[in-house]
Amino acid sequence: MGPSNQTTVVTEFLFSGFPQPEDSVFFFIPLLLIYIFIITGNLTVFFAVRMDSRLHNPMYNFISIFSFLEIWYTSATIPKILSNLISEQRTISMIGCLLQMYFFHSLGNSEGILLTTMAVDRYVAICDPLRYPTIMTPQLCAQLSAASCIFGFLVLLPEIAWISTLPFCGPNHIHQIFCDFEPVLRLACTDTSMILIEDVVHAVAIISSVLVIAISYVRIITVILGIPSAEGRHKAFSTCAAHLGVFLMFYGSVSLMYLRFSATFPPILDTAIALMFAVLAPFFNPIIYSLRNKDMKVAIKKLFSAPHKNKGIANILSPYFSSPSHVHIYLFMCDLLRLHMLSSLAQMDKM
């Protein structure tokens, strides 16, 4: 009776992957600026696609959904990271940790499934162009987008429910900057052999998606190389280059994090890899999908060139802001982003 009553039950976790408090300000400001760019950049891509009828096709529909998911994917971790950078108590409650893991990985799963769907879409478009309009119908695209999100959230429920039943009674230091499966499971006061099973499940899911995408692109590249004209090859490849870049960045960083099994990295490298797929990949997503895409550049110029009309992005979002000051702040951010985007586009037009 004595030992069991004296067991300490962990109710919160302490993050130990952050820099010293006196150095945190040097990380806080860049991360805050990156987060603002991720939100505004992906919102720009999302609304540019939704408001331009020329982009109402399967490829851009998937891109807009992916950008929308990126906003919530980063919001599951970055605000808490920013809070911990300026806080002396870098803690998170047990429930908060479980919720962070659930939403972060559910949104990540949804993005992974959507990237796989986008690869299949490009495969059908390039390898079977005549049947593409009858195969990738608007109804099928909507169903695939919805299924990606629903499955991404449902598949993780049993895993999170299982983790919530584990006893945590020992050390509560998470050697990372946000809650993740492996560092949290290592703190459980139970048999940790389940970590290997977790690793295998994650590896199978990642490798399956990578194989589907890789096989699709091997076939796509083979077909593109068979196109007789150089202009035709360039046009066909340009429609896939953005997706291929996002795929390599997303799954490259995810593979480094979750396909290492028992291999251990130094803490600083662990943190760098975590930042790569949690922060840097979403940061480059709007850049890859907009600045390197002619149709998207035109749509973005159109979006920001008429802020006074009903087609302006600020007019769409302003009803959701209850205070006029919030509208002014948002308009100021839109103007900054507009100037930055137009400057970048002007430089690219000169190249």
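How many bridges join strand 1 to strand 3 (residues 173-174), and in which sense do the two strands run? In this predicted model, strand 1 and strand 3 are joined by 2 bridges and run parallel. The account below begins with the chain as a whole, returns to the sheet, and then turns to the core and to a pair of helices.

**The chain as a whole**

The secondary structure of the protein chain comes to 15 helices and 3 strands. Of the 351 residues in the chain, 44% are buried. When contacts between residues at least 6 apart in sequence are considered, 77% of them join residues at least 24 apart.

**The sheet**

The 3 strands form an open sheet in the order 2-1-3, and the pairing within this sheet is mixed. Strand 2 and strand 3 each have a single partner strand and stand at the edges, so one side of each is left without a neighbour in the sheet. Helix 5 packs on the sheet and touches strand 1, strand 2 and strand 3, while its direction makes about 90 degrees with that of strand 2. The two pairings of strand 1 are set out in the table.

| Pair | Sense | Bridges | Bridge partners or opposite residues |
|---|---|---|---|
| Strand 1 and strand 2 (residues 91-93) | antiparallel | 3 bridges | E12 stands opposite S93 |
| Strand 1 and strand 3 (residues 173-174) | parallel | 2 bridges | F15 has I174 as its bridge partner |

In a regular strand the side chains alternate between the two faces of the sheet. Along strand 1 (residues 12-15) F13 and F15 point to one face and are buried, whereas E12 and L14 point to the other face and are not buried.

**The nonpolar core**

The largest nonpolar core has 91 residues, and those with the most contacts inside it are F13, M101, F168, F277 and M296. Helix 5 (residues 94-127) gives this core its largest share, which is 14 residues. F13, which lies on strand 1, touches residues including R90, T91, I92, M94 and C97, and among its other contacts are F168, N172, I174 and L187, with residues up to four places away in sequence not counted.

**Helix 11 and helix 12**

Helix 11 (residues 230-258) and helix 12 (residues 267-290) pack with their axes 9 Å apart and at an angle of about 170 degrees. The two helices are therefore roughly antiparallel to each other. On the side of helix 11 the contact includes A242, H243, G245, V246 and M249, and on the side of helix 12 it includes D270, I273, A274, M276 and F277. By class, this contact of helix 11 with helix 12 has 16 nonpolar, 4 polar and 1 charged residues.

Is D270, one of the residues in this contact, buried or exposed? D270, which lies in helix 12, is buried, with a relative accessible area of 13%. Leaving aside residues up to four places away in sequence, D270 touches Q176, M257, R260 and F265. The C-alpha atoms of D270 and H175 are separated by 8.8 Å, although these two residues are 95 residues apart along the chain.

Conventions: Residues numbered from 1 in each chain as written. Predicted model: local features only at pLDDT ≥ 70, side-chain atom pairs only at ≥ 80, totals over all residues. Heavy atoms only, no water. Buried < 20%, exposed > 50% of the residue type's maximum accessible area, 1.4 Å probe, protein only. Helix = DSSP H or I, 4+ residues; strand = E, 2+ residues; numbered from the N terminus. Pairing = 2+ DSSP bridges. Core = buried A, V, L, I, M, F, W, Y, C linked by side-chain atoms within 4.5 Å. Contact = heavy atoms within 4.5 Å. Axes fitted to C-alpha atoms, helices over the stretch in contact; angles between N-to-C directions. Parallel < 35°, antiparallel > 145°, perpendicular 65-115°, else oblique. Nonpolar A, V, L, I, M, F, W, Y, C, P; charged D, E, K, R; others polar.
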